[in-house]
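Me: I'm new to this one, so could you walk me through it?

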Amino acid sequence: MTLLKEPDRGTPARTSATTVRLTVDGQPVEVPAGTSVMRAASLAGVDVPKLCATDSLEAFGSCRLCLVEIDGVRGTPASCTTPCGDGMAVTTQSDRLADLRRGVMELYISDHPLDCLTCAANGDCELQDMAGVVGLRDVRYGYAGDNHLGQEKDLSNPYFDFDPSKCIVCSRCVRACDEVQGTFALTISGRGFDSKVSPGVEESFFDSECVSCGACVQACPTATLQERKVVELGMPTRSVVTTCAYCGVGCSFKAEMRGGEVVRMVPFKDGGANEGHSCVKGRFAWGYATHAERVMSPMVRENIDDPWREVSWEEAIGYTARRLLQIQEAHGPGSIGGITSSRCTNEEVYVVQKMVRAAFGNNNVDTCARVCHSPTGYGLKQTFGTSAGTQNFASVEQSDVIVVIGANPTDGHPVFASRMKRRLRQGAKLVVVDPRRIDLVRSPHVEAQHHLQLAPGTNVAVVNAMAHVVVTEGLMDDAFVAERCEGTDEWVAFISQPENSPEAVEHITGVPASEVRAAARLYATGGNAAIYYGLGVTEHSQGSTMVMGMANLAMATGNIGREGVGVNPLRGQNNVQGSCDMGSFPHELPGYRHVSDDAVRTVFETLWGATILAEPGLRIPNMFDAAIDGTFRGLYIQGEDLAQSDPNTQHVLHALRSMDLVVVQDLFLNETAKLAHVFLPGTSFLEKDGTFTNAERRINRVRPVIPPKTGKHEWQIVCEVAQAMGYPMAYESSSQIMDEIAMTTPTFAGVSFAHLDAVGSLQWPCNANAPEGTPIMHVDGFVRGKGHLIPTPYVPTNERSTRRFPLILTTGRILSQYNVGAQTRRTANVAWHPEDILEVHGHDAEVRGITDGDLVTITSRVGETTLRAVISDRLPVGVVYTTFHHPVSGANVVTTEHSDWATNCPEYKVTAVQVGLATKRQTAAVVTQARPMPTPVAGD
Ligand code: SF4
Ligand code: SF4
Ligand code: SF4
Ligand code: FES
C-alpha cells in the first residue's frame with residue numbers, strides 16, 4: 001500500500017463542444033476550448049512549475065512561476081491564465097524561462113524561514129519542490145532584508161495551525177474558502193509587502209466565520225496552514241480510499257496513514273459525491289474511533305442493575321442466542337426482533353434483517369430510518385415508483401431554481417451545500433421554505449429570492465398552495481403531464497379548490513399569499529427547478545403527504561427526468577438510503593419488495609433455506625407498545641441509541657425496561673446500553689469493510705483502514721448469533737454478502753466489490769439495463785410506469801399550541817455535531833458546540849423575563865428539560881428551536897408520540913411547549929440529566 005497522490009493539473013477542467021490542438025515542447029495535445037496552457041501541458045505529460053495554481057481553483061496568475069513561451073506571442077505569458085489556441089506551439093523550458101523562474105523563487109525564499117528539515121511539511125511542500133524544480137542554488141538578495149519571519153502563530157483551531165511566517169501570499173487559501181467552500185472567511189489584508197492572509201477582520205481562525213472545512217489547509221502549498229496531526233505524527237506514508245461515516249452526502253476520502261495510525265483524512269478528488277471537498281466532521285472528527293471510552297470486549301449481565309461482566313465472544317454470542325431462543329419458547333416466535341442501523345454498512349444491515357427473517361422466523365425488523373426518512377420511502381414510491389431521490393448531486397449545477405424545504409444544508413449536508421452555493425453564486429434563484437431563517441437565506445454572495453417562513457406543521461398547506469397557483473394560473477406543463485402522469489383530473493380538481501389557494505391558507509401558514517404566488521411562479525417558469533428537502537419535511541404527522549405534495553409539484557411542472565430538476569431527499573445519516581434498500585422495514589424485503597409478494601419471498605426462501613412470513617412484522621413504535629404490553633420481550637439493536645434518538649424518552653425507557661433481553665451492538669456504552677443485558681462491541685468506519693449508499697443512491701466502498709479493534713467484523717457477529725440459534729449463516733467476506741444482495745435484488749444486480757473498485761462508485765439501479773448505474777431516474781418514464789398525481793389534503797397536526805403550551809418547539813442539527821453526538825462529542829468538535837442551546841425570539845423571551853444565556857426549562861405534555869437560551873431573530877414569534885446532540889439536555893424528553901400517518905415517523909418538528917426561567921432545582925438537575933415527567937399528562 002502506497003500513498004496515493006492524485007495529479008494536480010493546475011487549473012480546472014473545461015467542457016466545450018470545440019476542441020483545440022496544440023503542441024507543448026513538441027508534444028501534440030487536444031483539449032476542450034477554454035483549457036489553460038498549464039492544464040494542456042500537464043495532459044501532454046509536461047509539468048510546468050507553479051505555486052499559486054491548483055486544479056480545484058480558478059487561475060489567479062500571481063506567482064509568475066509558470067511562465068512559458070508561445071511561438072508568435074511576445075513576452076512570457078503565465079500558462080495558468082493563458083487559454084489554449086488552435087495551432088499554438090508552447091515551450092516550457094528555455095534559459096530565459098529558467099532565469100525568470102529562479103528569480104521568482106529567490107524572492108520567495110529570501111523571505112521564508114530556512115527550517116525545512118524541522119518543518120512539518122518537509123517532503124510535502126510545493127515551495128520546497130519548486131525550489132528544486134527551478135534549480136535554485138543560491139539567494140542573491142540574502143535573508144537579512146525586511147521580512148515576515150517571526151510572526152505569531154494562530155493555534156486557535158483545534159485541528160490545524162496557521163503560521164503566517166511561512167506564507168507566500170499565493171491566495172490559494174482565500175480562493176479555496178471562496179470558490180470551493182463558499183464561506184468567504186479569509187481575506188488578504190494590506191497591500192504589497194504588507195499583504196497578509198487574515199481570517200475575518202484580523203480575528204483568530206476560531207473566532208472568525210471559518211467553519212473548519214479544511215479546504216484552505218488542503219490548498220496551501222506551504223506549511224502555513226497545516227493539520228496538527230501531521231505536526232504531531234509526521235507525514236503519512238500510505239493511504240486507503242474510503243467513505244465518511246457521518247452524513248448522507250457520502251464523501252470519499254483518502255485515509256492517510258503512518259504505521260497503524262491515521263494521520264489525516266484528505267478528500268478524494270475522484271469521489272463522485274464530493275469531488276475533493278469535505279466538512280469539518282469528515283476531515284477532522286474521526287478521533288472517536290480510538291477514544292478511550294470505546295468498548296472493546298463483549299459484556300453481559302443478567303439484570304440491568306447488575307454490573308457488566310466482560311466475557312469472551314463465544315460466551316456473549318452463546319448467551320445472546322440462548323436467551324433469544326428461551327424468550328421465543330416462552331412467548332412465541334414473534335416476541336423478539338431487531339433494529340438495523342443507518343450508520344452501518346449495507347452488508348452489516350443485510351445480515352441483521354436476514355437474521356431476523358431467517359433465524360428469528362418473523363418480520364420484526366425495523367430501522368432507525370423509521371424516525372427520519374421513512375415518509376420519503378413511502379411518498380416517492382407512491383408517486384414515482386421508487387423510494388429514492390431522483391438526481392445525482394452534480395445535477396444541481398444545471399438548476400436554475402433551487403427550492404430548499406425543511407433542510408439546512410450548510411449545517412446538515414455541508415459539502416453538498418457548497419456545491420449548491422456555487423450554483424447560486426452563478427445566478428440560480430433560491431426559494432427557502434422553513435420556519436427558521438437558515439444560513440442559506442442570506443450568506444456571503446447568496447440571498448434567497450423568497451423565504452417562506454411558515455408555521456411549523458403547515459408544509460402541506462404551503463406546497464398545495466404553490467401547486468394551486470401552478471394549476472390555476474395555467475403554469476402546468478400540460479404536455480409532460482399528459483404523456484407521463486396519471487390521476488391528473490382528480491388531482492387538478494382537488495388542487496384547484498379555493499381552500500388550497502395561498503390566500504385561503506395564509507392565516508394557517510403565516511406566509512403572505514403574494515410570496516407563495518411569486519415562489520410558485522418562479523418554480524414553474526424559471527427554467528430547471530429542483531427541490532431539495534430534509535427532515536423538516538418528513539418528521540411531521542403529514543410527512544408522507546408532504547413528500548407526495550412535492551412530487552406532485554415537480555410532475556405538474558415537468559421538473560423531473562432530466563438534469564437540474566427532481567425531488568431530492570437530503571438523507572441524514574451516511575447509510576439511510578442503504579439501510580432502507582437492504583430490506584430493513586417490517587413489510588419489505590431488500591429492494592423495497594413487499595413481504596406479501598410470493599415470487600419475491602420464493603427468491604429469498606430458496607436461497608436462505610428458510611420460510612419467510614407473508615405478513616409484515618412490528619415497527620419500532622409497535623415494538624415499544626408490545627414490550628410494555630408484555631408480548632415483545634427481546635430486541636437486538638444494531639448501532640442505534642434508541643433511548644436518546646427516539647421521541648418521548650419516558651415511553652422508550654419504559655419499553656426497554658419491560659424487555660427480558662436487550663442486546664446492543666455499538667461502539668460506546670450509550671444511553672440505551674444502560675438498559676441492555678448484552679453489549680456486543682462494534683467497529684468504527686475505519687475498521688469496516690463494505691459499502692454505504694448515499695443520498696444520491698451512490699454506492700461507495702468503505703475500506704478497512706485498520707483491522708477490527710474488537711477482533712471481529714460486525715457482520716461476523718450477527719452471523720454467529722444466527723448460527724448459535726441454529727440457523728446456518730456464514731460468509732467468507734463482506735464481498736460475498738454483496739454478491740448475495742446482487743443475486744436477490746434487481747436494482748443491485750450489477751453491483752460487486754470488483755465493479756466498485758474498478759469504477760469508484762455506482763448509483764443504483766445498476767443492472768443489465770444500466771451496467772454503469774443510473775445518475776438520474778425517471779428519464780424516459782417513471783419506475784411505476786406513469787407518475788401518479790395524488791391529492792394531498794392538508795390536515796393540521798393534533799399537536800396544537802394552547803394557553804398552557806403556547807410555543808412550538810422545532811429541532812435541527814448544527815454543523816460541528818452529529819445527531820445524538822456519540823461520535824462528535826468525543827472529538828475536539830465540542831469546542832464549537834459544547835451544549836445544546838434553545839433559540840428564543842426576543843418577544844417571547846421578553847414576556848418571560850428571559851435574557852441571553854439564561855438557563856430555561858422547556859416543558860411539553862410529556863416531559864421537561866433545561867437548557868441555556870439565546871435570543872434569536874431567526875425564528876418567528878411563537879417558535880423556539882434546539883438541537884439534540886447532547887444527552888444532558890435530552891431534547892427528545894419533550895417530543896411527543898405524534899407521528900406520520902403512513903409510516904409512524906415521529907413528529908419531531910412540532911411540539912407544543914412552554915418555556916420559563918429554570919428554578920434552582922432545575923438548574924441543579926441540568927448538570928446531571930434531563931428528566932421525563934413523573935406521569936405523562938394527557939391533554940391540558
Ligand atoms: S477551514 Fe474552510 S471555512 Fe475555514 S478558512 Fe479554511 S476554507 Fe474557509
Ligand atoms: S496561507 Fe498558504 S495558501 Fe494561503 S496565501 Fe499563505 S501560502 Fe498561500
Ligand atoms: S458532508 Fe457529510 S459525508 Fe461529507 S465530510 Fe461532511 S459529514 Fe462527511
Ligand atoms: S502558477 Fe501561474 S502565476 Fe502562479
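Me: Which residues are around ligand 3?
Reply: Keep in mind that this is a predicted model. A residue counts as near if one of its heavy atoms lies within 4 Å of the ligand. With that cut-off, the residues around ligand 3 are Cys-244, Tyr-246, Cys-247, Val-249, Gly-250, Cys-251, Phe-253, Cys-279, Lys-281, Gly-282, Pro-414 and Val-415.

Me: Which elements give two or more residues to that shell around ligand 3?
Reply: Lys-281 and Gly-282 are in the shell, and helix H7 spans 280-284. Pro-414 and Val-415 are there too, and helix H12 covers 414-425. That leads to H7 and H12.

Me: How do the residues around ligand 1 divide by class?
Reply: Around ligand 1 you'll find Phe-160, Cys-177, Leu-186, Phe-205, Cys-210, Val-211, Ser-212, Cys-213, Gly-214, Ala-215 and Cys-216. Gly counts as polar here, and Ser-212 goes in that class as well. The split is nine nonpolar, two polar and no charged.

Me: What about the second largest pocket: which element gives the most to its lining?
Reply: That pocket holds about 1100 Å³ of space, and 38 residues line it. H11, H12, S18, S34 and S37 each supply at least two of them. With four residues, the top contributor is H12.

Me: Which lining residues lie nearest the centre of the second largest pocket?
Reply: By class, the lining has 16 nonpolar, eleven polar and eleven charged residues. One name is familiar from the surroundings of ligand 1: Val-211. Nearest the pocket's centre are Val-211, Asp-411, Asp-439, Ile-814 and Arg-874.

Methods:
Residues are numbered from 1 along each chain as its sequence is written. Chains are lettered from A and ligands numbered from 1 in the order in which they are written. This is a predicted model: local features need pLDDT of at least 70, side-chain atom pairs count only at pLDDT 80 or more; totals for chains, interfaces and linings use all residues. Side-chain values use heavy atoms; hydrogens and water are left out. On a 1 Å grid over the protein atoms alone, a cavity is a set of points where a 1.4 Å probe fits but cannot get out, and a pocket is an open set with protein on both sides within 12 Å along at least five of seven lines; lining residues have an atom within 4 Å of a point. Grid points are joined across faces, edges and corners, and a volume is the space filled by probe spheres set on the points.
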